[in-house]
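Student: Can we go through this structure together? I keep meeting labels and I'd like to hear the reasoning behind them.

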Amino acid sequence: MTRHCWFPDNTVLCNFAAVDRLSLLEKVLDGRGRWTQAVAAEAQQSTRYWPRLRQVTEDGWLGDPIEIDDPAETALVDRMRRVVFGGSPSRPLQHLGEAETLVIIEHRRELADSVWITDDGEAGHYARRKGICVKNTVDLMREAVVGGLIATGDGYRLLIAMESAGRNLRGVPRSPEDLLP
C-alpha cells in the first residue's frame, strides 16, 4: 500500500507551534509529512515569532525539503505564484510555498496522490478544483481525535488556543463533540 505524502504549509506549522503541539502534528502525519524548500524557508523565517518551529528541522520529521530545480517547473511555479495567488513580481518569495507545493503535487507523478494541508481558503479552493486533496488544521485535529492521539475536549481546547494566539483557522467547531465524525 502506498503511503501518500502530506504537505503542511507554513501557516499550519505555525498553528501547532503557537500552542507548543508540533509533536501532535508529527504524530498525525505519521511519517507521511513532506515540505518544499520554500515552505522550509518560510518556517525558518517564522521562528522569530514561533521559536518552537526550529524543532521541525532539528527533528527531521518532514524530511529534506523537496527542491524544484527543473527550469520548466521553476517557470510554472513562478507563473502560478503570480497568476493564481497574486504574487508580486517585486516580491519573489510571496506565495512561493503554496506555488511550489501545488506544482509538485500536480506535476510529479510520484506525488500525485498527496494531501495538501492549508488554512488558506482561496488556495485550498483552487487546489480542490484541480483535484488535489486538501485538509486544514481542524481536519488534522479531527484525525488526531479519531486516531486516539488526543481527547476530544483537549483537541477542541487546542483549536481555541490557536485562535487565541492570533491564528486564523477555518471551520473551528462550536463544541468538542463537533470534532467527532
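Tutor: Sure, let's start with Asp20, which sits in the loop between helix 1 and helix 2. Keep in mind that this is a predicted model.

Student: Why is Asp20 called partly exposed?

Tutor: Its relative accessibility is 38%. Buried means under 20% and exposed means over 50%, so at 38% Asp20 counts as partly exposed.

Student: And what makes the phi of Asp20 worth a mention?

Tutor: Most residues other than glycine have a negative phi. Asp20 isn't glycine, yet its phi is positive, near 55°. You'll find that residue just after helix 1.

Student: Which other residue in a loop has a positive phi?

Tutor: Take Asp30, with a phi near 50°, and again this is a residue other than glycine. Asp30 lies in the loop between helix 2 and helix 3. With 46% relative accessibility, Asp30 counts as partly exposed.

Student: What about Pro51, buried or exposed, or in between?

Tutor: In between: Pro51 has 43% relative accessibility, so the label is partly exposed. This proline is in the loop between helix 3 (37–46) and helix 4 (54–59).

Student: Back to helix 1, then. How do you know that helix 1 is largely enclosed?

Tutor: Count its buried residues. Helix 1 covers residues 10–18, and 7 of its 9 residues are buried, so the rest of the structure largely encloses it. The buried ones are Asn10, Val12, Leu13, Cys14, Asn15, Phe16 and Ala17.

Student: What do those buried residues pack against?

Tutor: Their partners include strand 1 (6–8), helix 2 (22–29), helix 8 (137–146) and helix 9 (152–164).

Student: Why does Asn15 count as buried?

Tutor: The cut-off for buried is under 20%, and Asn15 comes in at 0% relative accessibility, so the call is buried. Leaving aside neighbours within four places in sequence, Asn15 is in contact with Asp119, Thr137, Met162, Arg167 and Leu169.

Student: What makes Asp9 a cap for helix 1?

Tutor: A side-chain oxygen of Asp9 lies 3.2 Å from the backbone nitrogen of Thr11, at the N-terminal end of the helix. A polar contact needs N or O atoms within 3.5 Å, and the 3.2 Å here meets that distance.

Student: There are cysteines here too. How many disulfides does a search of the whole structure find?

Tutor: The search finds 0. Cys5 shows the reasoning: its nearest cysteine sulfur, that of Cys133, is 13 Å away. A disulfide needs the two sulfurs within 2.5 Å, so Cys5 is in no disulfide.

Student: Why is Cys5 called buried, and Cys14 as well?

Tutor: Cys5 has 16% relative accessibility, so it counts as buried. Cys14, at 4%, counts as buried too.

Student: Last topic: the largest pocket. How do you find empty space in a model at all?

Tutor: Rolling a probe the size of a water molecule over the atoms shows where empty space is left. Here, the largest pocket holds about 360 Å³ of space. It is lined by 16 residues, and the closest to its centre are Glu42, Leu93, His95, Gly97 and Glu98.

Student: Which helix gives the largest share of that lining?

Tutor: Helix 3 does, with 5 residues. Helix 1, helix 3 and helix 6 (96–107) each supply at least two. By type, the lining divides into 5 nonpolar, 6 polar and 5 charged residues.

Key: Residues numbered from 1 in each chain as written. Predicted model: local features only at pLDDT ≥ 70, side-chain atom pairs only at ≥ 80, totals over all residues. Heavy atoms only, no water. Helix = DSSP H or I, 4+ residues; strand = E, 2+ residues; numbered from the N terminus. Buried < 20%, exposed > 50% of the residue type's maximum accessible area, 1.4 Å probe, protein only. Contact = heavy atoms within 4.5 Å. Polar contact = N/O pair within 3.5 Å; in protein donor to acceptor, adjacent residues only side chain to side chain. 1 Å grid on protein atoms, 1.4 Å probe; cavity = no way out; pocket = protein on both sides within 12 Å on 5 of 7 lines; lining within 4 Å. Points joined across faces, edges and corners; volume = space filled by probe spheres on them. Nonpolar A, V, L, I, M, F, W, Y, C, P; charged D, E, K, R; others polar.
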